[in-house]
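Me: I should like a close look at a single part of this model, namely how one helix is set against another. Please then place that part beside other details of both chains, in one connected account.

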Amino acid sequence: MGNHCSVCSATNQTCVPLYSSNTSEIPLGREALHWVDPHVQHPLQLLLFVLGIKSVGDRSVHCNETTTLSKALLEADAVHCPVRGEKKAYCKMLLHAAKYPHCAVNGLLVAEKVKEKKKDSHSAPILCVDCVPLFHGTLALAPMLEVALTLIDTWCKENRYVIAGYYQANERTKDFRPNQVAEKVAARISENFSEAAIVMVDNSRLTMSCFEPIVLIYDHHENKWKSRDVNTDCFEDWLEAQKITSALLEGRSYENLIDFDNHLDDLRNDWTNPVINKSVLDLC
Amino acid sequence: MASVSELYDVGWEEMRDKLRKWREDNCRNSEQIVDVGEELISEHGSKLGDDIWIIYEQVMIAALDCSRDDLALTCLQELRKQFPDSHRVKRLSGMRLEALERYDEANKHYDAILQDDPTNTAARKRKISILKAQGKSAEAIRELNEYLEQFVGDQEAWHELSELYINEHDYGKAAFCLEELMMTNPHNHLYCEQYAEVKYTQGGLENLELSRKYFAQALRLNNRNMRALFGLYMLAGRGTKENKCSVKAVEEMLESMQITMS
């Protein structure tokens, strides 16, 4: 390849440009991941860069073997989160779980519909702007789920949203694995939206203060759902989200949260939750 | 923090009546029960008379739900003082141990009750709940089946079993449990509707036919049951030609329902 390394001034085949920010320090190994160019969407794309097919920036990282670095990249599956959460979505998800502590709860995550992807498919991260709480209690029955998906799909089309994910909080505190219901619903959502994610709430870490994100995000890779590292980068503005969620939990706003089950009990209940949305805005 | 009586401008009699209503309806609004009950006990305990014991029990269970072990222990101690040898109070002790996740001790408690009184249904059901809490659903289902062989009329147990089966995706057996419930409660639209949902989820032409029939039955029993109406709507137009109910008719029903509700 013969890339000229600006650090060592030597032509080194394993020395490839990796990131574009002008920094004086060049981190190595896993720290390099935090300096990755934001255009790089997926660990595999980064691997392509590392293998020197395309140069990204003018800084480079030394690695003795390309294989070591690429292995590190493949291990760190959260180079960057394709699906990120906004405060309203995170907030309502947790409020739903808090409203029915003795039940399993689930719901859908919606994102704004982006226009057609650019030719080189470097799309911006998908932001889940809202969530619709669906059911509590028995989640494994089909008819109402189909009704909900149809109605919410119609609502999404009217508001230029798209159903982008599914969240679930299981009944038992220590249970956070996605089950058959989660996988089935997510598979259904993936038919319309290829990068659908499953978000599982870790009940054991649910507290009033919400210092850290307590969700696990699962992506579909090779016919299996694999979890990804979640950190505060997966959220549009974590500090705001944390502050608002904490305030709403303490104020017991979850008593006013309406899920689809509540709507089916009384049609006047609005599952778009305008009241909670307003509370979130007021706290911003 | 303002007290309940101040916030809602109610007297102690209304609070007591509200607690009674929640008891009779078997509501699980534990936070509200704790708020109202705690105040009622601490400020108006002397006026309640004999009602106070059942209120202690209700508040204790709600306190366990809200992780208020202090309140739960207070209620439990009062009950123990008043009813020292009661199995009902022993069961509450066991429930407190369950809430603290001390399942082995809780099991010992319940075993002790059952040794004394083998027909004590409450203790047996708590043991099954422990299995459920530990995630041992197969064993919980087995134990519950054994329990139901002895106590065939226990509707709460049949419903719990149907839920366990649904969570295991064994819809056939869940349907069987709901059939038992429908037999003993032919006028209950909720059982009809849930049975229809299970049949729908099972899938297959026969099951969808049955599902449509039971959604219709639920609607006949209660014409405001939205789930039944939606279920009927989803199935309208499917099935054999003779049985196709008009999609339009269902849509009209849906619209009229939406208008009356809004």
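Reply: A crossing of two helices is called left-handed if the near helix is turned anticlockwise from the far one by less than a right angle, and right-handed if the turn is clockwise. The model is a predicted one, and in it the crossing of α5(B) and α6(B) is left-handed. Helix α5 of chain B comprises residues 69–82, and helix α6 of chain B comprises residues 87–99. Their axes come within 10 Å and cross at roughly 160°. Because angles over 145 degrees count as roughly antiparallel, α5(B) is roughly antiparallel to α6(B). On the α5(B) side, the residues that meet α6(B) are Asp69(B), Leu73(B), Leu76(B), Leu79(B) and Arg80(B). Their partners in α6(B) are Val89(B), Leu92(B), Ser93(B) and Arg96(B).

Two annotated spans belong to the same chain B. An unreviewed UniProt entry gives the annotation "domain: EMC2 TPR-like" for residues 90–199 of chain B. In the model, that span is 81% helix and 0% strand, with its end C-alpha atoms 41 Å apart. The annotation "repeat: TPR", also from an unreviewed UniProt entry, covers residues 155–188 of chain B. Over residues 155–188 of chain B, the chain is 79% helix and 0% strand, and the end C-alpha atoms are 12 Å apart.

Backbone detail may be taken next. In chain B, Asn26(B) lies in the loop between α2 (12–25) and α3 (30–44). Asn26(B) is not a glycine, although its phi is positive, at about 55°. With a relative accessible area of 64%, Asn26(B) is exposed. Chain A offers a counterpart in Glu222(A), a residue other than glycine with a positive phi near 50°. Glu222(A) is placed in the loop between β8 (215–221) and β9 (224–228) of chain A, and its relative accessibility of 69% makes it count as exposed.

Two asparagines of chain A are, by contrast, buried. Asn273(A) is found in the loop between α7 (260–265) and α8, and its relative accessible area is 2%. The C-alpha atoms of Asn273(A) and Val132(A) are separated by 8.3 Å, although the two residues are 141 residues apart along the chain. Leaving aside residues up to four places away in sequence, Asn273(A) touches Lys92(A), Pro133(A), Asn256(A), Leu257(A) and Ile258(A). Asn277(A) is in helix α8 of chain A, residues 274–283, and counts as buried at 14% relative accessibility. With the same exclusion, Asn277(A) touches Lys88(A), Lys92(A), Asp130(A) and Thr272(A). Lys92(A) is thus a contact of both Asn273(A) and Asn277(A).

The cysteines complete the account. A disulfide is a covalent bond between the sulfur atoms of two cysteines. The count over all chains is 0 disulfides. For Cys284(A), the closest cysteine sulfur is in Cys91(A) at 9.1 Å, and that distance is too far for a bond, because the sulfur atoms would have to be within 2.5 Å. The two cysteines also stand apart in accessibility: Cys91(A) is buried at 0%, whereas Cys284(A) is partly exposed at 46%.

Conventions: Residues numbered from 1 in each chain as written. Chains lettered and ligands numbered in written order. Predicted model: local features only at pLDDT ≥ 70, side-chain atom pairs only at ≥ 80, totals over all residues. Heavy atoms only, no water. Helix = DSSP H or I, 4+ residues; strand = E, 2+ residues; numbered from the N terminus. Buried < 20%, exposed > 50% of the residue type's maximum accessible area, 1.4 Å probe, protein only. Contact = heavy atoms within 4.5 Å. UniProt positions renumbered as here; feature names shortened; annotations may be inferred. Axes fitted to C-alpha atoms, helices over the stretch in contact; angles between N-to-C directions. Parallel < 35°, antiparallel > 145°, perpendicular 65-115°, else oblique.
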